[in-house]
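Biologist: Could you walk me through the charged pairs in this one, and tell me how each label is earned?

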Amino acid sequence: MTFEAVLAQARAEGRTLLNEVEAKQLLRDAGVPVTNTTLATSRAEAQAQAEAAGYPVVLKVVSPDIAHKSDAGGVKLNLKSQDEVGAAYDAILESCLKHVPGAKITGVAVQHMAPQGTEVIVGMTTDPQFGPVMMFGLGGIMVEVLKDVSFRLVPLEEKDATQMIDEIKGRPILAGVRGQPAADIGALKTAILKVAEFVEKHPEVKELDLNPVFAYPDGAIAVDARIVVAEA
């Protein structure tokens, strides 16, 4: 689906938050490295999609009423067989409806479980005066604890992405410390620039988070994505 089609559907449903499957599809089409994620609306679909994705897989609830998926029991990791996927699908629905009674559940997102890498965040927010602002920093829970991030106004050039990466206090982590592998800085710059191009092309996007992005010695990939669009 095109961005316009996804936006129209979200607005027709009264949503400003795109679901993870929609967000990742749009970002992947824009050249941003994200895990391929599909939407299963039944146990059998989840099992078939897991086979296609390749084990191990991750299942995550897709619901406009559940903001914190893990807290509601809506995330199951490292599933390695059809039986595990089927049981996880049932458990997700049961747990989420118990935690949020009456929640609208669109389905369950299915994706291959990417290997762990150095976690960073690539994001964007909209400043009332200056417009879209890109953000980069250490990801996962570290972004909330350390708040080690850098910012640049959109549009970006390659030197801007380089400076964003170099400015964070945790930059030595990306170079590899205590035997940890170095991150592919070129891949991170590409991710930042591609996201900046995406939000510049689509001014309806008001917030965007890729957290975490796993950075590897060769490449990087976003395993979670969040896009908020403006109201109609």
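Modeller: Happily! This is a predicted model, and the count comes to 12 salt bridges.

Biologist: What makes glutamate 13 and arginine 15 a salt bridge?

Modeller: Their closest N and O atoms are 2.8 Å apart. The cut-off is within 4 Å, so the pair qualifies.

Biologist: Why is arginine 15 called buried?

Modeller: Because its relative accessible area is 13%, and buried means under 20%.

Biologist: And why does glutamate 13 count as partly exposed?

Modeller: Glutamate 13 has 40% relative accessibility. Partly exposed is the range between under 20% and over 50%, so that label follows.

Biologist: How do you know that glutamate 167 pairs with arginine 152?

Modeller: The closest N and O atoms of that salt bridge are 2.5 Å apart. Glutamate 167 sits in helix α6 (residues 158–167) and arginine 152 in strand β8 (residues 149–153), so the bridge ties together parts that are 15 residues apart in sequence.

Biologist: Is arginine 152 buried or exposed, and why?

Modeller: Buried, because its relative accessible area of 18% meets the under 20% rule. Glutamate 167, at 46%, is partly exposed.

Biologist: What makes aspartate 160 and lysine 159 a salt bridge?

Modeller: Their closest N and O atoms are 3.6 Å apart, and the rule asks for within 4 Å, so the label holds. Aspartate 160 is buried at 12%, while lysine 159 is partly exposed at 49%.

Biologist: Which residues are linked in a network of salt bridges?

Modeller: Glu20, Lys24, Lys60 and Asp224 are linked in that way.

Terms used
Residues are numbered from 1 along each chain as its sequence is written. This is a predicted model: local features need pLDDT of at least 70, side-chain atom pairs count only at pLDDT 80 or more; totals for chains, interfaces and linings use all residues. Side-chain values use heavy atoms; hydrogens and water are left out. A salt bridge is a side-chain nitrogen of Lys or Arg within 4 Å of a carboxyl oxygen of Asp or Glu. Buried means under 20% relative accessible area, exposed over 50%, partly exposed in between (1.4 Å probe, protein chains only). Helices (H or I, at least four residues) and strands (E, at least two) are DSSP runs, numbered from the N terminus.
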